[in-house]
Amino acid sequence: FPNRTPHTGAKCMQAVYRPIRASYISTNRYVLTNTDYFRDSSWLDISWEYVVNGVAGETGEVKSVIPPKGKTEVVLKHKSIDTTKDCCINFIYKDKSTGKIVAKEQILMCQSVGRRAIEGGAGEVAYIENSTMISIATNNASVAIDKETGRLTGYEVDGVEYLNRNAKNKGFSLSLYDSPIDNYMYVSNKWKALGLDSAKCVFTGLDSEKQSGKVVVACHYDVLLKGKKKFVYTIQYTVCADNTLDVKLLLDTKKYVDLPKFGVCLEMPSCYDGVRYYGKGDKENYSDFGAHALLGIYETTVGKMAEPYIRPQASGNRAETRWAEVFDENGTGLRFTAQGTAFNFNAVPYNPEGLIGATHRQEIKYDGTTCVHIDHFVRGVGSNSCGPDTRSEYRLGKKQTRLQYEFTVRPIGKSESRK
């Protein structure tokens, strides 16, 4: 970038061009390959760490010197792989003369994204319905859903409201399109011709049911593109007695569409500007752009999530996220947890409309908000600004006409502890 900050592309290139490549053979056995033609690995300090669910455990060093274009097998002393958890090993390569990191790489040996049984929990859940609103209350929380729009208009716990009351679109908003990145410069013309940039959700009704320890409300929509019904969309809320809000989303496309994304965004007050997440990081990454991004637990701020591209565009995505927390200076906020399938996560200080139409960073509209993106699918970036489009495995499959995912939301801080 102009201020000499390394572009994430440079970070990815650093990882791809690493001088040593590691591979897993079997229990505790690995092979390290030196890709240099004329230099052995003696100029490097090679260290490793064994990581389970994002937390580093055993660590060590590799003392072997690997000859040019040679290979060395090593046995590393760490715990056995637990197939019920995310287990990976990180290799870190440092230049001995400068102490600087030359590259990092990660081998993910097994992964497991858990699923919480939505049982409601102990306690009662009150359900009140009138002509315009559904109100759901637990001992110390309340949820409000507008019957005329199906929108979540309130989520208050211990007297703290977590939704941005001043947001134009309150609650979770369907997200199928975002300000196109540079590599979408050609395919985005097709999306605009289809009408994805002006998609409109038309509320068609809701179903509600009170069960033991929880209330379930499903809101249904037709999604119109240029005035024509193209998709059917359902967002289902399950409010539990333990203050957890389970969110399940379903999109029926009927006919294949090469979508740029499918997810939701939620606007919180701007005071929630702290971020902690367990996913790929610590810089932006996507399904086809992640050699530099290791699975781990990272902490940052909302203002630092996005990349400062000269031309405003969607940025800051974190792929393979298991959970994410967005909180204020007191540690109070919300935790979003994937259910069964990891999601793409992002949190930025503007809503999607704040980028549209902006041609320079100074034109981005900051609306005093924290916009949290929880996306099931985000199209790979490809290289179509000057090369081929995104490869097929990083786009929606031709037979993927029914998309669904689920995550939970719960408060952290005050009566709820961060875990």
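Biologist: Let's start with strand pairing. Which residue in S25 does Pro 269 stand opposite?

Modeller: Thr 369 in S25 is the residue facing Pro 269. Keep in mind that this is a predicted model. To read a pairing, find facing residues, then check the direction of the two strands and count the bridges. Here S18 and S25 are antiparallel, with nine bridges between them.

Biologist: And on the S24 side, how many bridges link S24 and S25?

Modeller: Five, again in the antiparallel sense. One place to look is Asn 346, whose bridge partner in S25 is His 373.

Biologist: How do I read the whole sheet, then? What is the strand order?

Modeller: Walk across from one strand to the next: S13-S18-S25-S24-S21, an open sheet of five strands with antiparallel pairing. The edges are strand S13 (172-175) and strand S21 (318-321), each of which pairs on one side only. Going from one strand to the next, the twist averages 30°.

Biologist: What holds the S21 edge to its partner, in bridge terms?

Modeller: Two bridges, joining S21 to strand S24 (residues 343-348) in an antiparallel arrangement. If you want to click on something, Thr 321 sits across from Phe 343 in S24.

Biologist: Back to S25. Is that strand largely enclosed or largely open?

Modeller: The way to tell is to go through its residues and ask which have under 20% relative accessible area. Nine of the ten residues of S25 are buried, so the strand is largely enclosed by the rest of the structure.

Biologist: Now the nonpolar core. What's the general idea, and which residues have the most contacts inside the largest one?

Modeller: In soluble globular proteins, nonpolar side chains tend to be buried together. In this model the largest nonpolar core counts 72 residues, and Phe 172, Tyr 233, Phe 336, Phe 345 and Phe 407 have the most contacts inside it. Strand S15 (residues 214-225) contributes the most to this core, at six residues. There's also a second, separate core of 21 residues, with Leu 32, Leu 44, Trp 48 and Val 62 among them.

Biologist: Take Tyr 233. What does it touch?

Modeller: Skip residues up to four places away in sequence, and the list includes Leu 174, Cys 219, Tyr 221, Leu 250 and Phe 262.

Biologist: Can you show me how to read burial for a single residue? Say Tyr 155: buried or exposed?

Modeller: Buried, because its relative accessibility is 2%. Tyr 155 belongs to strand S11 (residues 152-157). Its contacts, leaving out residues up to four places away, include Ser 142, Tyr 162, Asn 243, Leu 334 and Pro 411. For a sense of distance, Tyr 155 and Thr 8 are 147 residues apart in sequence, and their C-alpha atoms are 36 Å apart.

Biologist: What about loops? Where does Gln 339 lie?

Modeller: In the loop between strand S23 (333-338) and S24. Gln 339 has a relative accessible area of 4%, so it counts as buried. Beyond its sequence neighbours within four places, Gln 339 contacts Gly 114, Arg 115, Arg 116, Asp 246, Glu 406, Phe 407 and Thr 408.

Biologist: And Asp 258, buried or exposed?

Modeller: Buried, because its relative accessible area is 15%, and the cut-off is under 20%. Asp 258 sits in the loop between strand S17 (245-252) and strand S18 (261-269). Outside the four-place window, its contacts are Val 187, Trp 191, Arg 379 and Arg 395.

Biologist: Last topic, empty space. How many cavities of 30 Å³ or more are there?

Modeller: Rolling a probe the size of a water molecule over the atoms shows where empty space is left. This structure holds two cavities of that size. The largest has a volume of about 260 Å³. Its lining has 23 residues, with Asp 178, Lys 261, Tyr 286, Ala 314 and Ser 315 nearest the centre. S25 gives the most to that lining, with three residues.

Biologist: What lines the largest pocket?

Modeller: A set of 29 residues, of which Asn 169, Ser 173, Leu 174, Ala 199 and Glu 353 lie nearest its centre. The pocket holds about 710 Å³ of space. S13 provides the largest share of the lining, four residues.

Notes: Residues numbered from 1 in each chain as written. Predicted model: local features only at pLDDT ≥ 70, side-chain atom pairs only at ≥ 80, totals over all residues. Heavy atoms only, no water. Axes fitted to C-alpha atoms, helices over the stretch in contact; angles between N-to-C directions. Core = buried A, V, L, I, M, F, W, Y, C linked by side-chain atoms within 4.5 Å. Buried < 20%, exposed > 50% of the residue type's maximum accessible area, 1.4 Å probe, protein only. Contact = heavy atoms within 4.5 Å. 1 Å grid on protein atoms, 1.4 Å probe; cavity = no way out; pocket = protein on both sides within 12 Å on 5 of 7 lines; lining within 4 Å. Points joined across faces, edges and corners; volume = space filled by probe spheres on them.
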